[in-house]
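Please open the model in a viewer and keep the selection panel at hand. The tour proceeds from the whole chain to individual sites.

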Amino acid sequence: MGASDPEVAPWARGGAAGMAGAGAGAGARGGAAAGVEARARDPPPAHRAHPRHPRPAAQPSARRMDGASGGLGSGDNAPTTEALFVALGAGVTALSHPLLYVKLLIQVGHEPMPPTIGTNVLGRKVLYLPSFFTYAKYIVQVDGKIGLFRGLSPRLMSNALSTVTRGSMKKVFPPDEIEQVSNKDDMKTSLKKVVKETSYEMMMQCVSRMLAHPLHVISMRCMVQFVGREAKYSGVLSSIGKIFKEEGLLGFFVGLIPHLLGDVVFLWGCNLLAHFINAYLVDDSVSDTPGGLGNDQNPGSQFSQALAIRSYTKFVMGIAVSMLTYPFLLVGDLMAVNNCGLQAGLPPYSPVFKSWIHCWKYLSMQGQLFRGSSLLFRRVSSGSCFALE
């Protein structure tokens, strides 16, 4: 979303488990209290205290049982779990790579096929640029099917490094346990918890982004070589040598600042918007039962609808905020390939930008801050910007 890489959001991975853990903990505490009260009213028979009838061992807590059963939070299986996440991330990255490849070529302004005439929803004739499928078919005609995966290797390494970095940081700086809120009053007083969670996630995202960005730059440059049919960046090690020789150490971090700003704005915007919506707009008194039973009549389904709505709030907010932060992604990708000796980063495709702010202002004046945001319906407007239908 805000992050440009297709990772599973941490709030999506832990939301359901956290709510389930909170419910199990409440049930365990209620059961224990009921047992103590029953024993106080009715003392156990004497034979239960006999040595031949030893007292059963105390059951481990829900958290200990979860760790011992080899769950995702188990310390013994942490390397296996991390390897699983890396493997899943690599699969998602490989499958989505043609999509990102076509998007990057559109971002740099490479349009090898002329637009076609079509009609919009109002019946007016407009010019449409080729969609993702038409563009991908063109790449296959030029480079073959393997050409759709140009630049995949450094991207896989970048995502793997980002995943390992986040996992290592969680071990070194474990997050503080934050209780799950259960009603509207708690939501209103949990802003500090949201700020704390978001700050922690921002720290991990920024560190992982900085460490993986050099590989991201190499991947971008390998892909845009399609424009000028160059072969300057052919491998990770050789690309590292070329960038260091021509641009120095800073060459590995071009476009990093807009990417970091986009990540920060995405995290804070998504989490804060979801918090305020959950706190002030979601009504906990709504029940999903046909008769609308109250708290005493049907306590089990009291907050079912509210919890269901809250579980999707961050997902929806993530989509909305990612659309607003897209210009940061566009500017960062353009700066990664600008003035690097490739045709895609030089005139007439792009002027030589002095800074990412210069790039932002140029795209803004051209009306192209959302260029490449749509891959299916790309309409040519009078200002040569691509609009969403």
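The stops below cover the overall fold, an aromatic cluster, a helix pair and a loop residue.

**The whole protein**

Begin with everything displayed, bearing in mind that this is a predicted model. A cartoon view shows 12 helices and 4 strands. Switching to a surface view, one has an accessible area of about 22000 Å², of which carbon and sulfur atoms contribute 64%. Of the 389 residues, 37% count as buried. Among contacts with a separation of 6 or more, 74% are between residues 24 or more positions apart.

**The aromatic cluster**

Next, select Tyr101, Tyr138 and Phe226, which together form one aromatic cluster. The whole structure contains 7 aromatic pairs. For the pair Tyr101 and Phe226, the ring centres are 6.3 Å apart and the planes stand at 85°, so the arrangement is edge-to-face. Colouring by element of secondary structure places Tyr101 in helix H3 and Phe226 in helix H7 (residues 191-228), so this pair ties together parts that are 125 residues apart in sequence.

Are these two rings' residues buried or exposed? Tyr101 has a relative accessibility of 0% and therefore counts as buried. Phe226, at 2%, likewise counts as buried, because the cut-off is under 20%.

**The helix pair H9 and H11**

Now select residues 256-280, helix H9, together with residues 326-337, helix H11. Two packed helices are described by the angle between their axes and the distance between the axes. Here the angle is about 160° and the axes lie 7 Å apart. H9 and H11 are therefore roughly antiparallel to each other, the cut-off for that term being over 145 degrees. The crossing of H9 past H11 is left-handed.

Which residues meet where H9 and H11 pack? Show side chains for Pro258, His259, Leu261 and Gly262 on the H9 side. Facing them in H11 are Phe328, Leu329, Val331, Gly332 and Asp333.

**The loop at Glu111**

For the final stop, select Glu111, in the loop that links helix H3 (78-107) to strand S1 (116-119). Helix H3 was visited earlier, as the element that holds Tyr101. Glu111 counts as partly exposed because its relative accessibility is 26%, a value that falls between the limits of 20% and 50%. Add Leu129 to the selection and draw a distance between the two C-alpha atoms: Glu111 and Leu129 are 8.1 Å apart in space and 18 residues apart in sequence.

How values were computed
Residues numbered from 1 in each chain as written. Predicted model: local features only at pLDDT ≥ 70, side-chain atom pairs only at ≥ 80, totals over all residues. Heavy atoms only, no water. Helix = DSSP H or I, 4+ residues; strand = E, 2+ residues; numbered from the N terminus. Buried < 20%, exposed > 50% of the residue type's maximum accessible area, 1.4 Å probe, protein only. Phe/Tyr/Trp six-rings, centres within 6.5 Å; stacked < 30°, edge-to-face > 60°. Contact = heavy atoms within 4.5 Å. Areas by Shrake-Rupley, 256 points an atom, 1.4 Å probe, with all protein chains shown as cover. Axes fitted to C-alpha atoms, helices over the stretch in contact; angles between N-to-C directions. Parallel < 35°, antiparallel > 145°, perpendicular 65-115°, else oblique. Left-handed = near helix turned anticlockwise from the far one by under 90°.
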